[in-house]
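Okay, everybody settled? Let me put this one up on the screen, and then I'll walk you through a helix and a loop.

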Amino acid sequence: MLVSYIFVLTLFVTVSVADDSNTPCPATWSFNEESKTCIKAFNDKKVSWKKAREFCQSNGGDLVVIQNFHMNEFVQGLLSLKRYWIGSRYNSNTKMMRYLDGGEVTPSYEAWAPRQPNNYRRKQECIEIIRKRGGLWNDRPCSRRNHFVCEKPSVKKEQKAPFNFNQGPCDQDWVFYKEDGMCLLYKDAANRASSSDAETDCLNYGAVLVVINDKKKEDFVRHLAIQESQTSQYSFWINVMKGKRNDGPYFFYWGHDLSSKHPLGSYRPWSNEDLQNTQRHQDCVYINSDSDKWKFDFCVANRSYSYFCEVNA
Ligand SMILES: [Ca+2]
């Protein structure tokens with residue numbers, strides 16, 4: 001009886017915590033309940049359909065694919081200007097919709113404005129949503145410039161589940177990583193800095209940039225970044241440096257102090273294409289949120305990422 005009571009209580013608390021969490025989208029993106037994705041209308045640039053798509057992809061998503069009436073209403077509600085590219089194309093000859101994955105199908109949902117799609121001058125294949133026409137669609141030449149609507153995956157709740165982040169013996173705002181007895185401080189996107197400045201900032205706490213010596217710690221830190229930043233775009237510096245002695249081969253070591261030269265452990269999931277480009281003077285290392293790889297970048301200059309400081313508990 002006691003056991004089941006505890007179970008129910010635990011379940012209740014877990015659900016409450018999940019419901020209390022913020023939207024699973026970055027601050028300026030809107031969560032769509034039906035698609036379970038984050039959606040944003042970009043108002044500050046007008047570009048071709050292809051360029052719009054590239055921009056969305058560089059933000060970890062793609063142009064929005066509107067699947068049904070409710071989603072179309074939702075997207076329309078995000079618009080403040082006249083015309084926006086969306087992520088489907090339409091072939092007026094075959095009456096087929098081409099989606100972003102390249103598949104052509106008879107559309108299951110369409111919201112054409114009156115007398116559209118008209119494939120005017122036979123050059124209109126991309127689809128725009130028009131705010132003043134109640135969110136109805138028009139086919140338009142892909143090379144024309146429009147504002148656009150991007151969509152990207154939400155931060156999945158289950159990504160947060162495996163770890164229990166708590167302060168432990170650490171100071172306020174720091175999170176305890178029990179496995180190696182470290183306290184971690186997250187410096188979010190608002191505090192992004194070059195690797196050198198990040199290192200200096202950590203030194204002010206008597207700390208260093210976070211050391212990632214195995215997959216478990218990397219997972220912990222990634223999930224902490226996702227939770228704290230509320231985004232799936234969370235690249236951050238780690239405490240790895242690339243060095244070179246005279247004309248010798250490149251080597252990698254912990255810490256920014258070349259004299260310390262603690263060699264790296266065996267866990268070093270480099271991006272292969274990066275390893276082949278070690279001549280680029282990109283001597284600092286960050287964890288890229290778009291892949292599970294470590295990548296190189298310049299230590300100074302204007303390369304800014306989030307970062308974690310860490311110090312012994
Ligand atoms: Ca048209």
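So, right after α5 comes G206, with a positive phi near 70°. Keep in mind that this is a predicted model.

Let's stay with α5 itself, residues 195-204. Which of its residues are buried? That would be S195, A198, E199 and C202. If you look down the axis of α5, those buried residues fall within an arc of 100°, so they line one face of the helix. Flip to the face turned away from that buried side, and you find the exposed residues T200 and N204. And what covers the buried residues of α5? The cover includes several strands: β11 (182-187), β12 (208-209), β13 (236-244), β16 (284-287) and β18 (306-312).

Okay, on to the loop. It's the one between β6 (104-105) and β7 (126-130), and P117 lies in it. A bit of background for the backbone people: most residues other than glycine have a negative phi, and most peptide bonds are trans.

Now look at the peptide bond from Q116 to P117: that one is cis, with omega near 0°. R115, in that loop between β6 and β7, has a positive phi of about 65°, and R115 is not a glycine. N119 sits in the loop between β6 and β7 too, and its phi is also positive, near 45°, again in a residue other than glycine.

How exposed are these two? R115 has 7 other C-beta atoms within 10 Å, so it counts as exposed. N119 has 16 C-beta neighbours inside 10 Å, so that one is partly exposed.

Terms used:
Residues numbered from 1 in each chain as written. Predicted model: local features only at pLDDT ≥ 70, side-chain atom pairs only at ≥ 80, totals over all residues. Helix = DSSP H or I, 4+ residues; strand = E, 2+ residues; numbered from the N terminus. Buried ≥ 20, exposed ≤ 12 C-beta atoms within 10 Å, placed from the backbone. Arc of directions from axis to C-beta. Contact = placed C-beta atoms within 7 Å.
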